[in-house]
Amino acid sequence: MIQREIMTGEETILGRPAWWKESVVYQVYWRSFFDTNGDGIGDLRGVIEKLDYIRSLGVDFIWLNPFNASPGVDNGYDISDYYAIAPEAGTMADFEELVAEAHRRGLKIMMDIVLNHTSDRHPWFLESRSSRDNPKRDWYIWRDPAPDGGPPTNWRSYFHPSCWRFDEATGQYYMHSFAIGQPDLNWANPEVRREMYRMLRFWLDKGVDGLRLDALALLAKPKTFTDAADPYDIRYLTHNPGLHDYLQEMNREVFRHYDIMTVGEVAFATPEKGLLFVDEERKELHSLFHFEVADEMPSWDMVRFKRIQRRWAEALSGRGVMGQFLNNHDHTRQVSRYGNDREFRVQSAKLLATMVHTLPGIPYVYQGEEIGMTGVRFDSIDDYRDVMMKSRYEELVAAGRDPADALRELAPLSRDNSRTPMQWSAGPNAGFTTGTPWIRPNPNHAVINVEAAEADPDSVLHYYRKLIALRKEHPVMVYGDFEDISGDDPHVYAYVRKLGDTVWLVVLNHSDQSGSFTLPAPYAGRTMKPVLGNYADAGEVTHAHTIRLRPHEALILHCVG
Ligand code: ISL
Ligand code: CA
């Protein structure tokens, strides 16, 4: 907890102080984290065994990707029983032990809740599809075929050319915004909403401390089911009328009765739309992830990134909170996608971390990011596992694309880049499993692994620990206001965080070349002490007007004079 005395009444960028605003979240994709029973799949007992490691990072929350019963069409985001644990993840006793053991270490557990759809094997859907007049028919989205017998609209799904699947038995189509095995729930039906709130309370009553709410922007469906002008621009599936009524009801029925943190996964959120989810006055969510970077900025573009950060800081300032992240289980590893994972991998990984942890918002660390893990390039589609990757590959090849060409195009942004096993050691299967891993490890686990990082004082891992520890003692990182003082410089990102009389300057040289930054007034000529730097010899800056920067150099400076 950050000391309070300096916070009373001060206007801060994250608004009034709250414990959850001071959090750092570590995302555990448990099926790739650590396998304890040799079946080649990570499990909850594996998370239990690694709790001391997670604790050693200094993080507050563990975000677990879904572990409910699921046929695994979309690696657990297709749930067939919200009240059961997937057998490959473990048992309810394992989950309860994980919560207890995490709490014993001062760690909180954030569950990943899939509200928009279930598995097509869920009993609710089996009932719904059994007949047109089944009481659960209206729990899902069913429509008659179009006049030509085809799908009701031309809408695509995230994974397939159409979001409609014809059901022979009842002669109607059902809607699936994602995989065919993920039928969308009908949130306009109060029975569905009531049941989902009951499910949330079940898990919160077990001691869950946070909720990551999956695909939240899709809960409300378009008012009219008519063809989209551009079926590829799937914005029409998101931010439809009624969405905020559902979230305000969810807050009234569930969230406000627990001392938790919620974070919404909100695709296609702009700062203006995002504020509607997290404005504290509106009592919906505590925080959100937007995707203006991860979904809409395919490769690094510093100027675009700066503008996105400025717009979000201005829109949310003092009113709402966002999560800061550059990768997760859906988005390839940040040092490969947005940094330099070759000759400057270590410095680049540290620079990106410094940026995520010093920009306004709650920082998220995706497993393996803390040791600078990189994306992967498998040379056969058979080595990939992700339903999104495989269905897009099939679509391209069916359209006549050369298979090798299709693979080359899809590989860089494949979600499997982030799903290869956590690299614990240089040993077999990266120390992840004694069995056959469900997905091949990245061959570079021979050099990039936790064991090697622990032994190397200059490793990315030790840097993450220092960076996260800073947050616990310096409220300026959490609550300080934010001013970008580097304009549209395409390589150097420099911004000020200020809280009371504490002034920090963060200077980042996102480039393979050396660079420099000329300090604008009133910082020119000041004396600045290094708080943290990613080159061992980061020195004091005295009466400087220009700061010289090495390739991918990151500096956090405290203005003292
Ligand atoms: O990966 C994306 C597209 O680039 C994201 O937009 C993502 O697909 C979308 O925001 C929803 O993701 C979530 O729901 C999906 C699941 O496949 C993802 O793993 C999950 O993060 C369906 O449940
Ligand atoms: Ca296992």
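# Close-up views of a predicted calcium-bound protein chain

**Figure 1. Overview of the protein chain.** The protein chain holds 15 helices and 20 strands, where helices (H or I, at least four residues) and strands (E, at least two) are DSSP runs numbered from the N terminus. This is a predicted model, in which local features need pLDDT of at least 70 and side-chain atom pairs count only at pLDDT 80 or more, while totals for chains, interfaces and linings use all residues. Residues are numbered from 1 along each chain as its sequence is written, chains are lettered from A and ligands numbered from 1 in the order in which they are written, and side-chain values use heavy atoms, with hydrogens and water left out. Taken along the principal axes, the C-alpha atoms fill a box of roughly 80 × 55 × 50 Å. The radius of gyration of the protein chain is 24 Å, which agrees with the value near 24 Å that a compact globule of 561 residues would have; the radius is taken over C-alpha atoms, and the globule rule is 2.2 Å times the number of residues to the power 0.38. Of the 561 residues, 63% are buried, where buried means under 20% relative accessible area, exposed over 50%, and partly exposed in between (1.4 Å probe, protein chains only). Among contacts with a separation of 6 or more, 69% link residues 24 or more positions apart, a contact being heavy atoms within 4.5 Å.

**Figure 2. The calcium ion (ligand 2) and its protein donors.** Which residues donate to the calcium ion (ligand 2)? The protein donors are Asp-35 (OD), Asn-37 (OD1), Asp-39 (OD), Ile-41 (O) and Asp-43 (OD), lying 2.2 to 2.4 Å from the ion. Donors are N, O and S atoms within 2.8 Å of the metal (3.2 Å for Na, K and Ca), and since water is not among the atoms, sites may look incomplete. Along the sequence, the donor residues follow the spacing D-x1-N-x1-D-x1-I-x1-D. Two of the donor residues can be set side by side: Asp-39 is partly exposed, with a relative accessible area of 32%, whereas Asp-43 is buried at 4% relative accessibility.

**Figure 3. Backbone geometry at Ala-215, His-239 and Pro-522.** Most residues other than glycine have a negative phi, and most peptide bonds are trans. Ala-215, which is not a glycine, has a positive phi of about 50 degrees, and His-239 likewise has a positive phi, near 55 degrees. Ala-215 is found in the loop between strand E9 (210–214) and helix H6 (243–253), and His-239 has its place in the loop between E9 and H6 as well. Ala-215 is buried, with a relative accessible area of 3%, and His-239 also counts as buried, at 18% relative accessibility. Elsewhere, a cis peptide bond with omega of about 0 degrees joins Ala-521 and Pro-522, and Pro-522 is placed in the loop between strand E17 (515–518) and strand E18 (528–533).

**Figure 4. The surroundings of Tyr-338.** Tyr-338 lies in the loop between helix H9 (334–337) and helix H10 (345–358), and counts as buried at 1% relative accessibility. Not counting residues up to four places away in sequence, Tyr-338 touches Val-293, Ala-294, Met-297, Pro-298, Ser-299, Trp-300, Leu-326, Leu-352 and His-510. Of these contacts, Ala-294 is 44 residues from Tyr-338 in sequence and 9.9 Å away in space, C-alpha to C-alpha.

**Figure 5. Strand E20 and the segment after it.** Cys-559 lies in strand E20 and is buried, at 6% relative accessibility. With residues up to four places away in sequence left out, Cys-559 touches Val-503, Tyr-523, Arg-526, Thr-527 and Met-528. Gly-561 is found in the segment after strand E20 (554–559) and, with the exclusion of residues up to four places away in sequence, touches Arg-526 and Thr-527. The C-alpha atoms of Gly-561 and Met-528, 33 residues apart along the chain, are separated by 6.9 Å.

**Figure 6. The loop residue Ser-317.** Ser-317 lies in the loop between helix H8 (302–316) and strand E12 (321–324). Is Ser-317 buried or partly exposed? At 34% relative accessibility, Ser-317 counts as partly exposed. Not counting residues up to four places away in sequence, Ser-317 touches Ile-13 and Trp-312.
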